[in-house]
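Trainee: Could you take a close look at the last stretch of this protein with me? I'd like to know what goes on there and which parts of the chain meet it.

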Amino acid sequence: SLPPDMGGFPMAVAYERLNVQFHDLLGLQSDDLPCPDASIDICVADAQNLCNFFKQRSAPIRYRGLKAQSRSLGIWALTVKECELAFAKLRTGGAFIFRFGWR
């Protein structure tokens with residue numbers, strides 16, 4: 001999740017078995033994650049392009065993460081990055097759950 005100081009949202013849930021790594025996903029590589037490749041049973045993803053989110057709402061918090069060359073391609077860059085990271089970490093037969101939002 002994007003760190004709150006870069007325009008991300010704080011986590012509303014804390015649990016000892018839940019590991020949240022605050023990082024800008026577009027700049028993240030598989031080796032940056034704190035688990036070995038092919039070690040995860042389930043991965044949940046929900047691409048939200050916060051750059052567009054804050055522009056639409058004129059929010060006082062500014063997005064300061066990496067940006068795609070084209071605004072319309074930003075969500076796709078984020079989606080592909082989430083798939084890339086998830087597929088590197090999932091075990092064979094692991095589950096990948098992705099929530100697509102439609103506006």
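Mentor: Let's fix one word before we start: a residue is partly exposed when its relative accessible area falls between buried, which is under 20%, and exposed, which is over 50%. Arginine 99, with 45%, is therefore partly exposed. Keep in mind that we're looking at a predicted model.

A quick map, then. There are two helices and two strands, and going along the sequence they come in the order β-α-α-β. Of the 103 residues, 27% are buried. If you take contacts between residues at least 6 apart in sequence, 67% of them join residues at least 24 apart. Your stretch gives some nice examples of distant parts meeting.

Start with arginine 99, since we've met it already. Its partner in a salt bridge is aspartate 46, and their closest N and O atoms are 3.1 Å apart. Where do the two sit? Arginine 99 is in the segment after S2, aspartate 46 is in the loop between S1 and helix H1 (50–57), and 53 residues separate them, so to speak, along the chain. Aspartate 46 is partly exposed too, at 29% relative accessibility. As a bit of background, side chains of opposite charge can pair when their charged atoms come close.

Now step back to arginine 91, which is in strand S2 (residues 90–98). This arginine makes a salt bridge with aspartate 41, with 3.3 Å between the closest N and O atoms. Aspartate 41 belongs to strand S1 and arginine 91 to strand S2, so this pair ties together parts that lie 50 residues apart in sequence. The C-alpha atoms of the two residues are 5.9 Å apart. Aspartate 41 is exposed at 51% relative accessibility, while arginine 91 is partly exposed at 41%. Beyond its neighbours within four places in sequence, arginine 91 also touches Ala38, Ser39 and Ile40 along with Asp41.

One of those contacts deserves a pause. Alanine 38 isn't a glycine, yet its phi is positive, at about 55 degrees. You'll find alanine 38 in the segment before S1, partly exposed at 47% relative accessibility.

Move one step back along the chain and you reach lysine 89, in helix H2 (residues 74–89). Is this lysine buried or exposed? It's buried, because its relative accessible area is 6%. Setting aside neighbours within four places in sequence, its contacts include Ser30, Leu33, Cys35 and Pro36, and Asp37, Ala38, Ser39 and Ile40 are among them too. Ala38, Ser39 and Ile40 also turn up as contacts of arginine 91.

Helix H2 has a salt bridge of its own: lysine 81 pairs with glutamate 84, and 3.6 Å separates the closest N and O atoms. These two are three residues apart in the helix, about one turn. Lysine 81 is buried at 10% relative accessibility, whereas glutamate 84 is partly exposed at 41%. The protein's salt bridges number four.

You might wonder about Cys35, given that lysine 89 touches it. There are zero disulfides. The nearest cysteine sulfur to that of cysteine 35 is in cysteine 43, and at 8.9 Å it's too far away for a bond. Cysteine 83 isn't in a disulfide either, its nearest cysteine sulfur, again that of cysteine 43, being 9.0 Å away.

Back to the end of the chain for the rings. The structure has three aromatic pairs. One of them joins phenylalanine 96 and phenylalanine 98, tilted, with 6.0 Å from centre to centre and 55 degrees between the planes. Another tilted pair is phenylalanine 98 with phenylalanine 100, at 4.5 Å and 50 degrees. Phe87 comes in as well, forming one aromatic cluster with Phe96, Phe98 and Phe100.

How do those rings differ in exposure? Phenylalanine 96 is partly exposed at 24% relative accessibility, phenylalanine 98 is buried at 19%, and phenylalanine 100 is exposed at 59%.

Technical notes
Residues numbered from 1 in each chain as written. Predicted model: local features only at pLDDT ≥ 70, side-chain atom pairs only at ≥ 80, totals over all residues. Heavy atoms only, no water. Helix = DSSP H or I, 4+ residues; strand = E, 2+ residues; numbered from the N terminus. Buried < 20%, exposed > 50% of the residue type's maximum accessible area, 1.4 Å probe, protein only. Contact = heavy atoms within 4.5 Å. Disulfide = S-S within 2.5 Å. Phe/Tyr/Trp six-rings, centres within 6.5 Å; stacked < 30°, edge-to-face > 60°. Salt bridge = Lys/Arg side-chain N within 4 Å of Asp/Glu carboxyl O.
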